[in-house]
Amino acid sequence: MTLTRVAAIQAAPVLMDRQGCVDKAVGLIEKAAADGAHLVVFPEVFIPGTPVWMDSRPIWDGDEEWFALLLDQAVVVPGPVTEALGAAAAEAGVYVVVNVEEREPHGSTVYNTTLYLGPDGRLLAKHRKLMPTGSERTVWGMGDGSTLPVVETPFGRLSGLTCWENYMPLARFYLYAQGVDIWTAPTLATGDGWVATLRHIAREGRCYVIGVNPCTHIDQIPADFPRRDEVWTVKEGDGGWVEPGNSVIVGPNGELLAGPARHEETILTADIDLAQVRAARRLFDATGHYHRPDIFRLTVDTRPRPAVVLADD
């Protein structure tokens, strides 16, 4: 199977409402599958939504209540959220890539995590963002090398990086070396410069790139959100868009197949062909015939880094 339809879900989360976000995701999976999608990709931290206060207020200035809410609504993996999303994936018969805010069952650090679910409902893999960007470091911890998966599908090898991780050249190189054919980039990044970044990755990796943003207007912040009038302030010229969207689907030569979509909740789709990836790599293979391992070499540590290691008796 080389030809398949992919869907980029540009939508607003139900801010800091885990169940509300899950319910919305299930409905969107059903809708994308009804349109023929075999792969459905969601925005960055769609469940339970972006902690928008990290960009609207001075760092750690009155965010205690909001962070406590984030921690309460964060996702334990595996758990009820992965079960519900897995059931929706199985019902629709699709692969699902969904980015969540994750915590350990008894932990108080939140991770920016991408989950990969199969059409049989199984949780196939997860990736924790290696390096939060700027103010994100006040709400998210760092992942390690043990969660850099590549998922085999009938329509190509699936992986990707989150938002500005995509600017990490060695992380990209490692994934290119795993033969990624479909690259997912859940993100909060906006503007034409970010679209250019994704087009570059598509050409560099000779892969399809699916970049997916949330799209949230200030009116979509729940009415009962704690101190709602303080969590986000409308800026001149932004039209009240907290997250304006910026989703795209890019082909392996850098051509835009769909998007960029902005200022609307929508589902972008494109039909992709693995044969096009293979053809493009005859000209350039970043970790194959266009690499010089006699000069350059990358070492990757994929061991997990838990806080506690129990000694063997």
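**Two buried polar side chains, a helix and a pocket**

The backbone oxygen of Arg203 lies 2.7 Å from a polar atom of the side chain of Arg206. The model in which this pair occurs is a predicted one. Arg206 belongs to the loop that runs between helix 6 (192-205) and strand 9 (208-212). The residue is buried, yet it has no salt bridge. The nearest side chain of opposite charge is that of Glu255, 8.3 Å away; a salt bridge would require a side-chain nitrogen of Arg within 4 Å of a carboxyl oxygen. Apart from neighbours within four places in sequence, Arg206 is in contact with Ile201, Pro252, Asn253, Val277, Ala280, Arg281, Leu283 and Phe284.

Helix 6 also appears in the surroundings of helix 5, which spans residues 169-177. The buried residues of helix 5 are Ala171, Arg172, Tyr174, Leu175 and Tyr176. Their cover includes helix 6, together with strand 7 (156-160) and strand 8 (182-186). After helix 5 comes Gly179, with a positive phi near 75 degrees.

A second polar residue to look at is Asn112, in strand 4 (residues 111-117). Is Asn112 buried or exposed? Its relative accessible area is 1%, so Asn112 counts as buried, the limit being under 20%. Two polar contacts involve its side chain: one of 2.7 Å to the side chain of Glu44, and one of 3.1 Å to the side chain of Asn99. Val100 is 12 residues away from Asn112 along the chain, and the C-alpha atoms of the two are separated by 6.2 Å. Setting aside neighbours within four places in sequence, the residues in contact with Asn112 are Glu44, Val45, Asn99, Val100, His127, Arg128, Lys129, Trp140 and Thr162. Glu44 and Asn99, the partners in the polar contacts, are thus among these residues.

The last stop is empty space. Rolling a probe the size of a water molecule over the atoms shows where such space is left. In this model the largest pocket holds about 430 Å³. Its lining is made up of 22 residues, and those closest to the centre of the pocket are Asp55, Glu136, Leu188, Ala189 and Thr190. Which elements give two or more residues to this lining? They are helix 2 (53-56) and strand 11 (241-244). Strand 11 supplies the largest share, 4 residues.

Technical notes:
Residues are numbered from 1 along each chain as its sequence is written. This is a predicted model: local features need pLDDT of at least 70, side-chain atom pairs count only at pLDDT 80 or more; totals for chains, interfaces and linings use all residues. Side-chain values use heavy atoms; hydrogens and water are left out. Buried means under 20% relative accessible area, exposed over 50%, partly exposed in between (1.4 Å probe, protein chains only). Lys and Arg count as positive and Asp and Glu as negative; His and the chain ends are not counted. A polar contact is a pair of N or O atoms within 3.5 Å; within protein, one must be able to donate a hydrogen and the other to accept it, and residues adjacent in sequence count only if both atoms are side-chain atoms. Contact means heavy atoms within 4.5 Å. On a 1 Å grid over the protein atoms alone, a cavity is a set of points where a 1.4 Å probe fits but cannot get out, and a pocket is an open set with protein on both sides within 12 Å along at least five of seven lines; lining residues have an atom within 4 Å of a point. Grid points are joined across faces, edges and corners, and a volume is the space filled by probe spheres set on the points.
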